[in-house]
Amino acid sequence: MYAFTYEAPGTTADAAALAAQGGQYLAGGQSLLPSMRLRLARPEQIVDLNRVQGLAGIAVDGQTVEIRAMTRHADVAANPQVQAAIPALAELAGGIGDRQVRARGTIGGSLANNDPAACYPSAVLGLGATVVTDRREIAADDFFQGMYTTALGSGELITAVRFPVPKKAAYLKFKQPASRFALVGVFVAQTDSGVRVAITGAGLSVFRHAGLEAALNQSFTPDAAAQVLIDHADLNSDLHASARYRAQLISVQTQRAVSQMLG
């Protein structure tokens with residue numbers, strides 16, 4: 001390691017004040033700490049959010065599930081209210097990484113990092129959730145802006161995520177076997193405003209697929225999804241899978257998600 005200062009504030013106001021002085025937020029540490037070990041990140045000050053009061057917890061109020069930013073993946077997966085209101089979200093959380101990652105990783109940290117293959121962004125975008133910060137509320141469609149890039153301003157702190165409860169939803173992930181990130185993950189949701197399809201792992205950032213959404217809004221069947229041509233031109237291609245293979249995975253997993261929802 002290298003020299004840096006460490007702060008553990010107890011309130012969001014104190015955390016924000018430290019960040020305004022150049023501090024780097026630390027949530028679960030599942031992305032930041034490995035980056036520091038590899039010298040890909042060299043923050044001079046760490047602002048540990050684990051002692052900030054009120055930043056963890058889950059509440060279900062009517063048709064909204066609110067998950068506070070420092071809530072661990074394992075707690076989302078095991079929460080009976082989440083399991084009842086949005087089973088797909090609980091299942092998604094239970095499939096992130098391994099047990100150690102789920103015990104430490106947080107929803108706020110995942111969204112702020114916006115890894116192109118992370119699972120949570122697909123749920124946030126697929127469900128049309130709202131990201132709440134210490135300054136404002138940001139709609140999911142405006143939040144994700146590119147690889148490791150979000151609408152968050154400098155020092156802006158995610159405090160919670162509000163998920164509207166869908167009519168039905170499903171998340172299907174084809175795992176990269178070593179990292180357990182999504183080679184391709186597809187989140188399909190039937191919402192009050194129509195079908196939303198969010199895809200992670202296939203592009204430079206999570207994205208919605210307009211063609212699949214249009215087809216499924218007309219006919220919510222696996223056959224309708226199968227008829228949609230998935231353009232591979234802008235998809236990732238690497239040693240794990242070609243862009244064409246990822247395009248095929250998007251189609252197949254969307255069909256399976258629809259079948260699961262109908263079943």
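**Exercise 1. Register of the parallel strands around β3**

Find which residue of β3 is the bridge partner of Tyr6, and describe the strands that pair with β3.

Solution. The partner of Tyr6 is Ile46 in β3. The model is a predicted one, in which local features need pLDDT of at least 70 and side-chain atom pairs count only at pLDDT 80 or more, while totals for chains, interfaces and linings use all residues. Residues are numbered from 1 along each chain as its sequence is written, and side-chain values use heavy atoms, with hydrogens and water left out.

Step 1. Strands are DSSP runs of E with at least two residues, and helices are runs of H or I with at least four, both numbered from the N terminus. Two strands pair if DSSP finds at least two bridges between them.

Step 2. β1 (residues 5-7) runs parallel to β3 (residues 45-48), joined by three bridges. Strand β2 (residues 24-26) also pairs with β3 in the parallel sense, over three bridges. In that pairing, Leu26 stands opposite Asp48.

Step 3. From β3, Gln45 and Val47 point one way and Ile46 and Asp48 the other way, and all are buried. Buried means under 20% relative accessible area, exposed over 50%, and partly exposed in between (1.4 Å probe, protein chains only).

**Exercise 2. The faces of β5**

Determine which side chains of β5 are buried and which strands pair with β5.

Solution. Step 1. In a regular strand the side chains alternate between the two faces of the sheet. Along β5 (residues 64-68), Val65 and Ile67 point to one face and are buried. Thr64, Glu66 and Arg68 point to the other face and are not buried.

Step 2. β4 (residues 58-61) runs antiparallel to β5, with four bridges between them. Ala59 has Glu66 as its bridge partner. The two strands form a hairpin with two residues between them, and Gly62 in the turn has a positive phi of about 65°.

Step 3. β5 also pairs with β10 (residues 158-164), in the antiparallel sense over five bridges. Here Thr64 stands opposite Pro164.

**Exercise 3. The sheet β11 to β14**

Give the order of the strands in this open sheet, and name the edge strands.

Solution. Step 1. The four strands are ordered β11-β12-β13-β14, with antiparallel pairing. β11 (168-175) and β14 (207-208) are the edge strands, since each pairs on one side only.

Step 2. Seven bridges join β12 to β13, and Gln190 stands opposite Val195 in β13. The hairpin from β12 to β13 passes through two residues.

Step 3. Between β13 (residues 194-200) and β14 there are two bridges, and Ile199 has Phe207 as its bridge partner. This hairpin has six residues between its strands, with Gly201 in the turn at a positive phi of about 85°.

Step 4. Seven of the seven residues of β13 are buried.

Step 5. Helix α5 (residues 87-94) lies across β11 and β12 (182-191), at about 20° to β11. The angle is taken between N-to-C directions, from 0 to 180 degrees, using lines fitted to C-alpha atoms, for helices over the stretch in contact.

**Exercise 4. Cores, α12 and Ala225**

Describe the nonpolar cores, then locate Ala225 and its contacts.

Solution. Step 1. A nonpolar core is a set of buried Ala, Val, Leu, Ile, Met, Phe, Trp, Tyr and Cys residues joined through side-chain atoms within 4.5 Å. The largest has 40 residues, and those with the most contacts inside it are Leu89, Leu111, Tyr120, Val124 and Phe163. Apart from it lies another core, of 27 residues, among them Val188, Val195, Ala224 and Ala243.

Step 2. Helix α12 (residues 243-262) reaches 29 Å from its first C-alpha to its last, close to the 28 Å expected; the expected span is 1.5 Å times one less than the number of residues. Its buried residues include Ala243, Leu249, Ser251 and Thr254. Their cover includes β11, β12, β13, β14, α10 (210-218) and α11 (222-226).

Step 3. Ala225 is found in α11 and counts as buried because its relative accessibility is 0%. Not counting residues up to four places away in sequence, Ala225 touches Leu212, Leu216, Ser251, Thr254 and Gln255, where contact means heavy atoms within 4.5 Å.
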